[in-house]
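User: I'm new to reading protein models and I'd like a close look at a single part. Could you take one strand and walk me through what surrounds it?

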Amino acid sequence: MEKRAKSKAFMAGGIGPVSIKNRLVRAATFEQGATDKGEVTDFLVELYRALAKGGVGLIITGHAAVHPRGYGNPRMMRITDDTYLPGVSRIAKAVHEIGNDCKIFLQLNHAGRQQARPELSNWAVAPSPVFDPLMQRTPRSLSVEEIEEIVECFALGVLRARKAGFDGVEIHSAHGWLISSFLSPHKISVKMRTEELPKIGCVFLQIFSVVRGGSLGTTFPLSSK
Ligand SMILES: Cc1cc2nc3c(=O)[nH]c(=O)nc-3n(C[C@H](O)[C@H](O)[C@H](O)COP(=O)(O)O)c2cc1C
């Protein structure tokens, strides 16, 4: 017991302005528990309530889509407009009302080149049309205007997460989804790099800069994986 008390894993920490009671974090795990339209279900609310009861300091939700054409998995949560707020708020409320100081971040994502929904076949997108061996196809290249719209959608997703009562967000920047394509030198063609990327800048940093420059400032934790 004494050994456990001394372990750093059980010491309090913090992310930005949010204090976290220990260093145990439940990593984002897609639950396939939303409705076909991406709305929160009782199953999801009860799943997160049970996870919070387990004693972790922080839960990161499974990925939620921020852009209306950026959901990639079936029955994935969406936070693409305000109609989703009452549903996602239920998750944050269920975790907080337990009263054991568990924090919860909403993970925000855009499917990018890994878009697998038949109704969104024109939305397998990436910074450049570079063949993707996993999906066995070449994604469509995003226009500068589309990229700007996606950055805006991430920023709105952060605002909605805050409104819904989450303690912070995690931007999904890994595993081949859209933001990771922008970070990978293998997925950005030379043409994009030399002609268009200088105009666009770093998409990942742009999301942070738009959010930090907006009403939330630095009051709300923005994390990334
Ligand atoms: C079923 C399943 C769903 C996952 N969903 C997500 C997700 O929504 N977002 C994410 O960032 N990672 C997701 N992951 C990845 C995990 O968060 C984690 O990074 C991965 O399992 C490796 O962690 P480990 O090294 O501790 O096993 C998922 C993993 C699994 C097995």
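Analyst: Here is a walk that starts at strand β6 and moves outward from there.

One thing to keep in mind is that this is a predicted model, and every value below is computed from it.

Let's start with the strand itself. β6 covers residues 103-109, and 7 of its 7 residues are buried. What counts as buried here? A residue gets that label if 20 or more other C-beta atoms lie within 10 Å of its own. Now think about the two sides of the strand. In a regular strand the side chains alternate between the two faces of the sheet. On one side of β6 you find Lys103, Phe105, Gln107 and Asn109, and on the other Ile104, Leu106 and Leu108. Both faces are covered, with the residues on each side buried.

So who sits beside β6? On one hand there is strand β4, residues 58-65, which runs parallel to β6 and is joined to it by 6 bridges. If you want a spot to click on, try Ile59, which stands opposite Ile104 of β6. β4 is also well wrapped: 8 of its 8 residues are buried, so the rest of the structure largely encloses it.

β6 is also joined to strand β9, residues 168-171, by 4 bridges, and this pair runs parallel too. Two places show the pairing well. Leu106 has Val169 in β9 as its bridge partner, and Leu108 stands opposite Ile171 of β9. In β9, Gly168 and Glu170 point one way while Val169 and Ile171 point the other way, and all of them are buried.

You can keep following the pairings outward. From β4, the next step is β3 (25-26), which is parallel to β4 and joined to it by 2 bridges. There, Val25 has Leu58 in β4 as its bridge partner. From β9, the next step is β10, residues 222-224, which runs parallel to β9 with 3 bridges between them. Val169 turns up again here, since it stands opposite Leu222 in β10.

Next, the ligand. Which residues are around it? They are Ala27, Ala28, Thr29, Phe30, Gly62, His63, Gln107, His172, Ala174 and Lys225. You've already met Gln107 as one of the residues on a face of β6, and Gly62 and His63 fall in the stretch 58-65 that makes up β4. Sorted by class, the shell around the ligand has 4 nonpolar, 5 polar and 1 charged residues.

Ala174 deserves a second look. You'll find it in the loop between β9 and α5 (178-183). Is Ala174 buried or partly exposed? It is partly exposed, because 13 other C-beta atoms lie within 10 Å of it. Its C-alpha atom is 8.8 Å from that of Ser224, although the two are 50 residues apart along the chain. Ser224 belongs to the stretch 222-224, that is, β10.

Now for the loops on the way into these strands. Asp101 is in the loop between α3 and β6. Most residues other than glycine have a negative phi. Asp101 goes against that pattern: its phi is near 65°, a positive value. Asp101 counts as partly exposed because 13 other C-beta atoms lie within 10 Å. Gln32 is another case, with a positive phi of about 50° even though it is not a glycine. Gln32 is in the loop between β3 and α2, and it counts as exposed because it has 12 C-beta neighbours inside 10 Å.

Those two loops bring in helices α2 and α3, so let's see how they sit together. Two packed helices are described by the angle between their axes and the distance between the axes. For α2 (residues 42-53) and α3 (residues 85-96), the axes come within 8 Å and cross at roughly 30°. That is why α2 is described as roughly parallel to α3: angles under 35 degrees get that name. The crossing of α2 past α3 is right-handed.

For a contrast in wording, try another helix pair. The axes of α4 (residues 144-163) and α7 (residues 203-212) come within 9 Å and cross at roughly 45°. That makes α4 oblique to α7, and this crossing is right-handed as well.

Terms used: Residues numbered from 1 in each chain as written. Predicted model: local features only at pLDDT ≥ 70, side-chain atom pairs only at ≥ 80, totals over all residues. Pairing = 2+ DSSP bridges. Near = placed C-beta within 6 Å. Nonpolar A, V, L, I, M, F, W, Y, C, P; charged D, E, K, R; others polar. Axes fitted to C-alpha atoms, helices over the stretch in contact; angles between N-to-C directions. Parallel < 35°, antiparallel > 145°, perpendicular 65-115°, else oblique. Left-handed = near helix turned anticlockwise from the far one by under 90°.
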